[in-house]
Amino acid sequence: KQWYQRRVRAPAGFYMLLNASAGSPGDIGTLISHNIENTGPLCTVSFWYNMKGSGIGKLQVYVTDSAGQVELWSQTGPSGYGWRYAGFFVGEKIHANITFLGTLG
């Protein structure tokens with residue numbers, strides 16, 4: 001599956017979309033950040049998400065560095081109407097990537 005970038009008429013600017021109605025259960029879409037270098041101990045990732053409608057599966061967020069890949073956050077199934085906030089600490093990393101993995105339900 002492919003993530004799509006859309007422009008929003010708001011100060012936030014953009015959002016990414018993985019369209020659950022345009023695929024089959026089990027289809028996976030992966031969005032990987034650019035390389036993040038030399039983060040501090042209070043480094044965080046935060047985003048807003050909206051998981052509603054049919055075909056909603058699971059959204060997972062991982063950090064990958066030289067030690068491997070660790071799941072930082074996940075949401076399974078519909079989250080109700082509207083946008084929800086998620087934020088979490090990444091911690092100190094020399095080189096890392098953040099991965100968003102969406103699986104259609």
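# Exercises on an all-strand chain

The secondary structure of this protein chain comprises zero helices and nine strands. The model is predicted.

## Exercise 1. The overall fold

Task: State which pattern the chain follows along the sequence, and what share of its residues is buried.

Solution.
- Step 1. Read along the sequence, the pattern is β-β-β-β-β-β-β-β-β.
- Step 2. Of the 105 residues in the protein chain, 31% are buried.
- Step 3. Consider the contacts with a separation of 6 or more: residues 24 or more positions apart account for 70% of them.
- Step 4. The accessible surface of the chain comes to about 6800 Å², and 53% of this area belongs to carbon and sulfur atoms.

## Exercise 2. Two aromatic pairs

Task: Classify the pair Phe47 and Tyr49 and the pair Trp48 and Tyr85 by the angle between their ring planes.

Solution.
- Step 1. A search of the whole structure finds six aromatic pairs.
- Step 2. Phe47 and Tyr49 lie 6.1 Å apart, centre to centre, with 50° between the planes. Planes under 30 degrees apart count as stacked and those over 60 as edge-to-face, so a value between these limits is tilted. The pair of Phe47 and Tyr49 is accordingly tilted.
- Step 3. For Trp48 and Tyr85 the centres are 5.4 Å apart and the planes meet at 65°, which makes this pair edge-to-face.
- Step 4. Trp48 belongs to strand S5 (residues 44-49) and Tyr85 to strand S8 (residues 84-89), so their pair ties together parts that are 37 residues apart in sequence.

## Exercise 3. Neighbours in sequence, buried or exposed

Task: Decide whether Phe47, Trp48 and Tyr49 are buried or exposed.

Solution.
- Step 1. The cut-offs required are under 20% relative accessible area for buried and over 50% for exposed.
- Step 2. Phe47 has 11% relative accessibility, so it counts as buried.
- Step 3. Trp48 has a relative accessible area of 55% and is therefore exposed.
- Step 4. Tyr49 has a relative accessible area of 10% and is therefore buried.
- Step 5. On the surface, Trp48 joins Tyr15, Trp83 and Tyr85 in a nonpolar patch, with about 510 Å² of accessible area together.

## Exercise 4. The nonpolar core

Task: Identify which residues of the largest nonpolar core touch the most other members, and which strands each supply at least two residues.

Solution.
- Step 1. Nonpolar side chains tend to be buried together in soluble globular proteins.
- Step 2. The largest nonpolar core has 18 residues, of which Phe47, Tyr49, Val61, Trp73 and Ile98 touch the most other members.
- Step 3. Strands S5, S6 (58-65), S8 and S9 each supply at least two residues of this core.
- Step 4. Phe47, Tyr49 and Trp73 also form one aromatic cluster with Phe88 and Phe100.
- Step 5. Beyond four places in sequence, the residues that Tyr49 touches include Leu59, Trp73, Gln75 and Ala86.

## Exercise 5. Two loop residues in contact

Task: Locate Lys93 and Asn38, and decide whether Lys93 and Asn38 are buried or exposed.

Solution.
- Step 1. Lys93 is found in the loop between S8 and strand S9 (95-103). With 19% relative accessibility, Lys93 counts as buried.
- Step 2. Leaving aside residues up to four places away in sequence, Lys93 touches Glu37, Asn38, Thr39, Val63 and Asp65.
- Step 3. Asn38 is placed in the loop between strand S4 (36-37) and S5. With 57% relative accessibility, Asn38 counts as exposed.
- Step 4. Although Asn38 is not a glycine, its phi is positive, at about 50°.

Key:
Residues are numbered from 1 along each chain as its sequence is written. This is a predicted model: local features need pLDDT of at least 70, side-chain atom pairs count only at pLDDT 80 or more; totals for chains, interfaces and linings use all residues. Side-chain values use heavy atoms; hydrogens and water are left out. Rings of Phe, Tyr and Trp (its six-membered ring) pair if their centres lie within 6.5 Å; planes under 30 degrees apart count as stacked, over 60 as edge-to-face and the rest as tilted. Buried means under 20% relative accessible area, exposed over 50%, partly exposed in between (1.4 Å probe, protein chains only). Helices (H or I, at least four residues) and strands (E, at least two) are DSSP runs, numbered from the N terminus. Contact means heavy atoms within 4.5 Å. Accessible areas come from the Shrake-Rupley method with a 1.4 Å probe; for residues, only the protein chains shown count as cover. Patches are made of residues with over 30% relative accessible area and no salt bridge: like charges are joined within 9 Å, nonpolar side chains (Val, Leu, Ile, Met, Phe, Trp, Tyr) within 5 Å. A salt bridge is a side-chain nitrogen of Lys or Arg within 4 Å of a carboxyl oxygen of Asp or Glu. A nonpolar core is a set of buried Ala, Val, Leu, Ile, Met, Phe, Trp, Tyr and Cys residues joined through side-chain atoms within 4.5 Å.
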